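Trainee: I should like to learn how the features of a structural model are read. May we work through an example together?

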Amino acid sequence: MAGQKMLKFTTVARDMPEKRPPNLRKQDFGEIYAEYAREKAAEQAARCSQCGVPYCQTHCPLHNNIPDWLRLTAEGRLEEAYEISQATNTFPEICGRICPQDRLCEGNCVIEQSGHGTVTIGSVEKYITDTAFEEGWVKPIRPHAERPESVGIIGAGPGGLAAADMLRRQGVQVTVYDRYDRGGGLLTYGIPGFKLEKDIVMQRMAQLEDGGVQFVLNCDVGEDLSFDAIRGKHDAILIATGVYKTRDLPDSNADGIVSAIDYLTASNRKSFGDDVPEFDNGELDAKGKRVVVIGGGDTAMDCVRTAVRQGAESVKCLYRRDRANMPGSQREVQNAEEEGVEFVWLSAPNGFEGDPVTGVKVQKMRLGAPDATGRQMPELIEGSDYVETADLVIKALGFEPEELPKLWGVDGLEVTRWGTVKADFGTGATSLEGVYAAGDIVRGASLVVWAIRDGRDAATAILEYLGQAATVAAE
C-alpha cells in the first residue's frame, strides 16, 4: 500500500499552495499562502521518497518524524498523521508557517538534491494541524492525575509555552510570567500576520489556559515581582526569556531611526486594535516614507514587507554580503521582491545624516577570504561611499541577551561570554538549584523552532528534577 502511494517525485511536480498576487496581498496583513485541498496535500506528500536515511528529519531541530506523517497523509490517514506530527512538536501549525524549511528539512530533502524539487514539507505540516483543529482532533489538556509540584516559567514565548504544555500534561502546576499583556512572545508581537495570523497563536494560548496553565501578564520581573519571590513560590523555575535587546549601530539615535522589535511590535499591536501612540503619531508608521532596513535576516524581511503594507513610498534593504550569503530565508527574499522591495547587496551603513534622519551613509563592500565558519568576509571598497535617502531607518541587526542577573538582582546566576544564562546543553540546568533555562546560546534565524525544542528539553529535565526532589523529601 505504502509503496503504491509514495515515490511519486518522478511523475508529480513540486507544487506549493497557491500564493495571493503581490498587488493584493500587500494591501493587508493576511497570510499569503492558501491552504492545500485534501487531494493536493496527499499528492504532494506522496512525492516523498521514504529514503532510508531521512535527512529532512536529521536537519529538523525537533527531529520530527517527517517521512512517517508524509506517508500517512498520502494514504489519507490524517488524524494519525497529526498524532505523529504533534508527538515531537508542540506547535506544528506554527512551525509549518514560519520555520525556515528552505534551510532545514526541505533544503536537505534527498529528492531536492537529485534535482526533482523538494517535498513541500512545511505546507503539508500546516495543512495537517489546521485540519486537526477543524476536525476536533486537537484534544484539551487533561492530565491523568494532578501533581502537587509547581513550576514557574519566566517568558511566554515559544520556549516557555512548549515547556508549559509538556509540564501541564504531566499534571504539574504551571504559572507563566511575562512582561507583555498577551502571551506568545515573538509569535504574537514579533512575527507579522502575513506569516503567522494571530488567531493561530491565540488558539494555542486558549488551549493552555483551558488546560490549567496560569498566566501572570504585564509582569516585569525585577520591577513588578522579584526573581526571588517567584522562586520562593515554586519548586522549580524555567527561564525562557529569549533575546530582545537590539544590536545597535554607533550614532544611531536620531529621530526616524528605530529598532526592528519596536517597529514590528507597534504594527502587530495595531492589528489587535490596541492604542499605539508611537504608531499614530507617525514615529513607527512607514506610510508615505522612504524606508531603509539594515540587516539580512528574517527579522529584516519581516520589516521590509511590513513597510510595504503600511504604504511606504519606497523600501530598500541594505545587506553587507550578497544574496547567496544572507542568513534570511530565500523564500522570504523572493516574496519581498515580488512586493516591490529593493535589495541593495554588498552595502554597509557608515553613519547617518540629519536629525530627523534624512539619509544613511553607505559603504560598498566586496567579499574576501572566508572566515573561521567558511563564510566570505565583507571588505570595504575604498572611495565607494554614497548616501541612501531615507525618512525611516529600521535597525534589524539581530538581538542580544539582556543582563538578567543585574536586571533581576540575582546573585549566583552565571552567564556565558555572550551574556546568555549559562545552562547545561542537555538539561538546561543553571548554576542555581532548581533553576533551568531554555536555550543556552543565541539562536539564529530558526529561533522559534529551536526555542520549542529547548523548552521541551528543559521540561523533561524539570520533570526528572521534581521526581528526584520528591524522592529526597520522602527519604
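Mentor: We shall discuss a helix, a pair of helices and a loop residue in this predicted model.

Trainee: What span should helix H14 have, and how far apart are its end C-alpha atoms?

Mentor: The expected span follows from a rise of 1.5 Å a residue. Because H14 (residues 260-272) has 13 residues, it should span 18 Å, and its end C-alpha atoms, 19 Å apart, agree with this. Among the buried residues of H14 are Ile 261, Tyr 263, Leu 264 and Asn 268. Gly 273 follows the helix, with a positive phi near 85 degrees.

Trainee: How are the axes of helix H16 and helix H17 placed relative to each other?

Mentor: Angles under 35 degrees count as roughly parallel. The axes of H16 (residues 298-309) and H17 (residues 330-338) cross at roughly 15 degrees and come within 10 Å; the two helices are therefore roughly parallel. Their crossing is left-handed. By class, the contact of H16 with H17 has four nonpolar, one polar and three charged residues. From H16, Met 301, Asp 302, Val 304 and Arg 305 take part, meeting Glu 332, Val 333, Asn 335 and Ala 336 of H17.

Trainee: Why does Asp 391 count as partly exposed?

Mentor: Partly exposed covers the range between under 20% (buried) and over 50% (exposed) relative accessible area. Asp 391 belongs there because its relative accessibility is 26%. This residue sits in the loop between strand S13 (386-389) and strand S14 (392-395).

Trainee: Which residues does Asp 391 touch, beyond those up to four places away in sequence?

Mentor: Asp 391 touches Gly 256, Lys 289, Arg 290 and Val 357.

How values were computed
Residues numbered from 1 in each chain as written. Predicted model: local features only at pLDDT ≥ 70, side-chain atom pairs only at ≥ 80, totals over all residues. Heavy atoms only, no water. Helix = DSSP H or I, 4+ residues; strand = E, 2+ residues; numbered from the N terminus. Expected span 1.5 Å × (residues − 1). Buried < 20%, exposed > 50% of the residue type's maximum accessible area, 1.4 Å probe, protein only. Contact = heavy atoms within 4.5 Å. Axes fitted to C-alpha atoms, helices over the stretch in contact; angles between N-to-C directions. Parallel < 35°, antiparallel > 145°, perpendicular 65-115°, else oblique. Left-handed = near helix turned anticlockwise from the far one by under 90°. Nonpolar A, V, L, I, M, F, W, Y, C, P; charged D, E, K, R; others polar.
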